[in-house]
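Me: I am new to this structure. Please take one part and walk me through it closely, then show me how it fits with the rest.

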Amino acid sequence: QGERHLVARHEIAEAVAIGADRDGVCALIDIDTSAVARWADNRGIAYSGHGDLSMLPEVAELIADAVAEVNQTLATAESLPSLQVRRFVLLPEPITPASGLLTPTGKTRRRLVEQRYGKVIDALYSGAKEARLTKAAGGALTIHDAAVTAVSNRRTA
């Protein structure tokens, strides 16, 4: 459910929500390169490609705003407040069939994502501020805290 709401945002190409058997939901987010590049161009923000865009603090703020809006939607939907994203990371590579993380029909290969980004997922749940990737995959990814909407206790008459 949460993933569906995230990828409905034009700034987000793919999202993998992690939360089964864990305390809260965290997300690995792949930005929509075209949409975010247009946004950056309109603001005069320099970048050199997908990986560079995903590391920019301005882009992190853009995605944080999108996640906050999704969390607001989830908070007001019956039985969905527990799916709010608490922390997220922007991935330096796209989730595509070419990366092996997406099937040709557009389904996320969750097991492969969890294997490739296992250290990142552990860092999301440990409270760390960044997650180190292998040298082959790049440097460190910044972990972002998401704005979680408080939910009042609902009573039905």
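Reply: Start at His50. Leaving out residues up to four places away in sequence, His50 touches Asp30, Ile31, Thr33, Leu91, Pro92, Glu93 and Pro94. Keep in mind that this is a predicted model.

His50 is found in helix α3, which covers residues 50-55. Is His50 buried or exposed? Its relative accessibility is 11%, so His50 counts as buried, the cut-off being under 20%. Its side chain makes two of the polar contacts described here. With the side chain of Thr33, His50 makes a polar contact at 2.5 Å. With the side chain of Asp30, His50 makes a polar contact at 3.2 Å.

Now turn to Asp30. This residue sits in strand β2, residues 25-31. Asp30 is buried, yet it has no salt bridge. Where is the nearest side chain of opposite charge? That side chain belongs to Arg116, and it is 11 Å away from Asp30. A salt bridge requires a nitrogen and an oxygen within 4 Å, so 11 Å does not qualify. The side chain of Asp30 does reach the backbone nitrogen of Ile95, at 2.9 Å. Setting aside neighbours within four places in sequence, the contacts of Asp30 are Ile12, Ala13, Glu14, His50, Glu93, Pro94 and Ile95.

Glu93 appears among the contacts of His50 and among those of Asp30. What does the side chain of Glu93 meet in a salt bridge? Its partner is Arg116, at 3.0 Å from N to O. This pair links distant parts of the chain. Glu93 lies in the loop between β3 and α5, Arg116 lies in helix α5, and they are 23 residues apart. Glu93 is partly exposed, with a relative accessible area of 26%. Arg116 is also partly exposed, at 42%.

Step back to the other charged pairs. The whole structure holds 5 salt bridges. One of them joins Glu3 and Arg110, with the closest N and O atoms 2.6 Å apart. Glu3 belongs to helix α1 (residues 2-7) and Arg110 to helix α5 (residues 110-116), so this pair ties together parts 107 residues apart in sequence. Glu3 is partly exposed at 24%, and Arg110 is partly exposed at 32%. Another salt bridge pairs Glu11 with Arg9, the closest N and O atoms being 3.1 Å apart. Glu11 counts as buried, at 5% relative accessibility. Shared partners join Arg9, Glu11 and Glu69 into one network of salt bridges.

Next comes the nonpolar interior. The largest nonpolar core has 28 residues. Which residues have the most contacts inside this core? They are Ile29, Val59, Ile63 and Phe88. At least two core residues come from each of β1 (12-18), β2, α2 (33-42), α4 and β3 (85-90). Helix α4 gives the most, with 8 residues. Val59 touches Ile31, Val36, Trp39, Leu53 and Leu90, not counting residues up to four places away in sequence. Another core lies apart from the largest one. This other core has 19 residues, among them Ile18, Val113, Val120 and Leu124.

Finish with α4 itself. This helix runs over residues 57-76, which is 20 residues. From first C-alpha to last, α4 reaches 29 Å, close to the 28 Å expected. Its buried residues include Val59, Leu62, Ile63, Val67, Val70 and Leu74. Asn71 is also on the buried list of α4.

Definitions and conventions:
Residues numbered from 1 in each chain as written. Predicted model: local features only at pLDDT ≥ 70, side-chain atom pairs only at ≥ 80, totals over all residues. Heavy atoms only, no water. Helix = DSSP H or I, 4+ residues; strand = E, 2+ residues; numbered from the N terminus. Expected span 1.5 Å × (residues − 1). Buried < 20%, exposed > 50% of the residue type's maximum accessible area, 1.4 Å probe, protein only. Lys, Arg positive; Asp, Glu negative; His and termini not counted. Polar contact = N/O pair within 3.5 Å; in protein donor to acceptor, adjacent residues only side chain to side chain. Contact = heavy atoms within 4.5 Å. Core = buried A, V, L, I, M, F, W, Y, C linked by side-chain atoms within 4.5 Å.
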